[in-house]
Amino acid sequence: MAKGLTLSVLISAMALSFSGCFGTDKKEDNRQQALCTGIICLNAGYCVNGACVCTANWTGADCSQPVQVNQCAAVVCLNGGYCVNGACSCPTSYSGPNCGTQVTPRTMRINRITLRQFPSTDAGTAWDPFGGAPDIFFTISMGPTVIYTSNTVQDAQGGQSIVFSQGLPLDINSPTASHTVFFYDEDLTVNDPMGGLTFVPYSNASNFPTMLNLVAGGFDVLLEVSYAF
Ligand SMILES: [Ca+2]
Ligand SMILES: [Ca+2]
């Protein structure tokens, strides 16, 4: 009996000792387990003290919400473009990652033409035998094809701007092709060629000017233009 009692006491003492050494951690484990019971943490998150600790890029009580990052913080959009979800949304006239590339217009429209200067004489001789002032009209050609003929301004006086608007606007459908404005003095039999200017209406590096100024051979012509895409 005495032997059995001694053994029993010894086992009890060992149990107490065991409890004394590891009891705190075990209690903490149990507490944690109780606090985190039923708590689900998503996206590799884990539970501490009854709350989810989330991994990078995730937030929310259960780590189910992606962290909102301002994807546009470092994005620069040019020419009136704006950033949406990290990418530039460009106006119709520009493209490219930063809206820095001009889109070639489908059509360039000439809305008004002003002749600001023309040669006052035909190599020293008056344009017309009577009065001298030329009766000016002009054509616009694409290559050899005439696409526009203006009205005639009788007795055009040098030194003042002459506005042509009849038959305008004129749509130029190949704005990257070479065009020519050619002026004539309208005469009774054969019209008197005055001279012309050749130009390419559209440039991919000019940022869509609304005025094209053509100057050559004594002529100064201003084209007021707009663009369609
Ligand atoms: Ca003439
Ligand atoms: Ca004439």
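User: Happy to dig in! How many bridges join S9 to strand S13, and do they run parallel or antiparallel?
Analyst: Good place to start, keeping in mind that this is a predicted model. Strand S13 covers residues 170-172, and one of its residues, Asp171, stands opposite Arg109. S9 and S13 run antiparallel, and the number of bridges joining them is 3.

User: Which residue in S17 does Arg109 stand opposite?
Analyst: Arg109 also has a facing residue in S17. Strand S9 (residues 107-117) and strand S17 (residues 219-228) run antiparallel and are joined by 9 bridges. In S17, the residue opposite Arg109 is Ser226.

User: And S12: which of its residues stands opposite Ile113?
Analyst: Strand S12 takes in residues 162-164. It runs antiparallel to S9, with 3 bridges joining the two. The residue in S12 that stands opposite Ile113 is Phe164.

User: Where is Pro169 placed, and is the peptide bond from Leu168 to Pro169 cis or trans?
Analyst: Pro169 has its place in the loop between S12 and S13. For the peptide bond from Leu168 to Pro169, omega is near 5°. That bond is cis.

User: Let's turn to the sheet with S11 in it. What is the order of its 4 strands?
Analyst: This is an open sheet with antiparallel pairing. Its edge strands are strand S11 (145-149) and S15, each of which pairs on one side only. From one strand to the next, the twist averages 25°. The order is S11-S10-S14-S15.

User: Which residue in S15 stands opposite Val181?
Analyst: Strand S14 (residues 179-185) pairs with S15 in the antiparallel sense. Their pairing extends over 7 bridges. Opposite Val181, in S15, stands Leu197.

User: Now the interior. Which strand supplies the largest share of the largest nonpolar core?
Analyst: The largest nonpolar core has 21 residues, and those with the most contacts inside it are Phe118, Ile136, Phe138, Phe183 and Val221. At least two residues of this core come from each of S9, strand S10 (136-142), S14 and S17. The largest share is 5 residues, and the strand supplying it is S17.

User: Which residues is Ile136 in contact with, leaving aside its neighbours within four places in sequence?
Analyst: Ile136 is one of the residues with the most contacts inside the largest nonpolar core. Phe118 and Phe183 are also among those core residues, and both are in contact with Ile136. With sequence neighbours within four places left aside, the full set is Leu115, Phe118, Thr152, Val153, Ala156, Ile162, Phe183 and Asp185.

User: Why does Cys99 count as buried?
Analyst: Cys99 lies in the loop between strand S7 (94-95) and strand S8 (101-102). Its phi is near 60°, a positive value in a residue other than glycine. A residue is buried if 20 or more other C-beta atoms lie within 10 Å of its own. Cys99 is buried because the number of other C-beta atoms within 10 Å is 21.

User: Is Phe208 buried, partly exposed or exposed?
Analyst: Phe208 is found in the loop between strand S15 (192-199) and strand S16 (211-216). Phi of Phe208 is near 55°, which is positive although the residue is other than glycine. There are 16 C-beta neighbours inside 10 Å, so Phe208 counts as partly exposed.

Notes:
Residues are numbered from 1 along each chain as its sequence is written. Chains are lettered from A and ligands numbered from 1 in the order in which they are written. This is a predicted model: local features need pLDDT of at least 70, side-chain atom pairs count only at pLDDT 80 or more; totals for chains, interfaces and linings use all residues. Two strands pair if DSSP finds at least two bridges between them. A residue is buried if 20 or more other C-beta atoms lie within 10 Å of its own, exposed if 12 or fewer, and partly exposed in between; C-beta atoms are placed from the backbone. Axes are lines fitted to C-alpha atoms, for helices over the stretch in contact, and angles run from 0 to 180 degrees between N-to-C directions. A nonpolar core is a set of buried Ala, Val, Leu, Ile, Met, Phe, Trp, Tyr and Cys residues joined through C-beta atoms within 7 Å. Two residues are in contact if their C-beta atoms, placed from the backbone, lie within 7 Å.
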